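Reader: Let's go through this one together. Could you start with the ligand and then move on to the cores?

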Amino acid sequence: MKHLGILLSGRGSNFLAIADAIDRGQIEDAEISIVISNRAEAAGIVAARARGLATHVVEARGRKRAEQDAEIVACLRQHDVDLVCLAGYMRLLSPEFVAAYPQAILNIHPSLLPAFPGLDAQAQALQYGVAVTGCTVHFVDEQLDHGVIVLQRAVPVLDSDDEASLSARILEQEHVAYPEAIALVLSGNYNTVDRRYIARASQNATPIEEAK
Ligand code: GRF
């Protein structure tokens, strides 16, 4: 059984998509061991409690990031977490946090990285005038929205779009992409070569020659 730790700061719709995917068996042999928020009033942490999951709020005010992150890492370790999933967690992780979970922290970002990192990615895409944007699930490294990309889903930008309508269509794809990426990473059937995530054939898959 693999243990997931979720970090969030707000609404928590990606967290709920992950929880639902576990419940329906799309992410096999996994459970959410802890949901951590840096905001006590985050809707996501309220929803986690309502689902009967273990939750923890880290006090952010007036604390250095390293101190806050040490508390988070201790909490993740206490809950035996194998894979950390950032789901709308609005703080950059300290180098110590990243080093504590090498290639075991995922994030979702609402653009096709490396386009439009940082805040308001959907508004950035509209403003730039791209015809296609989307979402990216990637491993977290020390730089913002930068680590190895696990998967991306594209979303066309429509002439009629405003920030709200585009964000809503991207969010639908986020809810598909994040569970899919988590299942891929937990399966362990991949290698990373430089910046490239390369899927390996699953051990359970029928080899092509035999399938003929
Ligand atoms: C999502 O758009 C995600 O891509 C970004 O923050 C937002 C979180 O939304 N990192 P939610 O809290 O999961 O609903």
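Reader: How far is an oxygen atom of the ligand from an N or O atom in the side chain of Arg 11?

Author: This is a predicted model, where local features need pLDDT of at least 70, side-chain atom pairs count only at pLDDT 80 or more, and totals for chains, interfaces and linings use all residues. Residues are numbered from 1 along each chain as its sequence is written, and side-chain values use heavy atoms, with hydrogens and water left out. A polar contact here is a pair of N or O atoms within 3.5 Å. For Arg 11, the distance to the ligand oxygen is 2.5 Å.

Reader: Which residue has a polar side-chain atom 2.7 Å from an oxygen atom of the ligand?

Author: Ser 13 puts a polar side-chain atom 2.5 Å from a ligand oxygen, so to speak of 2.7 Å we need another residue. That one is Glu 174.Reader: How much of the ligand's accessible area does the protein cover?

Author: Accessible areas come from the Shrake-Rupley method with a 1.4 Å probe. On its own the ligand has 370 Å². The covered share is 86%.

Reader: Which helix gives the largest share of the largest nonpolar core?

Author: A nonpolar core is a set of buried (under 20% relative accessible area, 1.4 Å probe, protein chains only) Ala, Val, Leu, Ile, Met, Phe, Trp, Tyr and Cys residues joined through side-chain atoms within 4.5 Å. The largest one has 38 residues, with Ile 6, Ile 18 and Tyr 178 among those with the most contacts inside it. Eight of its residues come from a helix (a DSSP run of H or I, at least four residues) spanning residues 163–187, namely α6.

Reader: Which residues does Ile 18 touch, leaving out those up to four places away in sequence?

Author: Contact means heavy atoms within 4.5 Å. The list includes Leu 4, Ile 6, Ile 27, Ile 32 and Cys 85. It is completed by Tyr 178, Pro 179 and Ile 182.

Definitions and conventions
Buried means under 20% relative accessible area, exposed over 50%, partly exposed in between (1.4 Å probe, protein chains only). Helices (H or I, at least four residues) and strands (E, at least two) are DSSP runs, numbered from the N terminus. A polar contact is a pair of N or O atoms within 3.5 Å; within protein, one must be able to donate a hydrogen and the other to accept it, and residues adjacent in sequence count only if both atoms are side-chain atoms.
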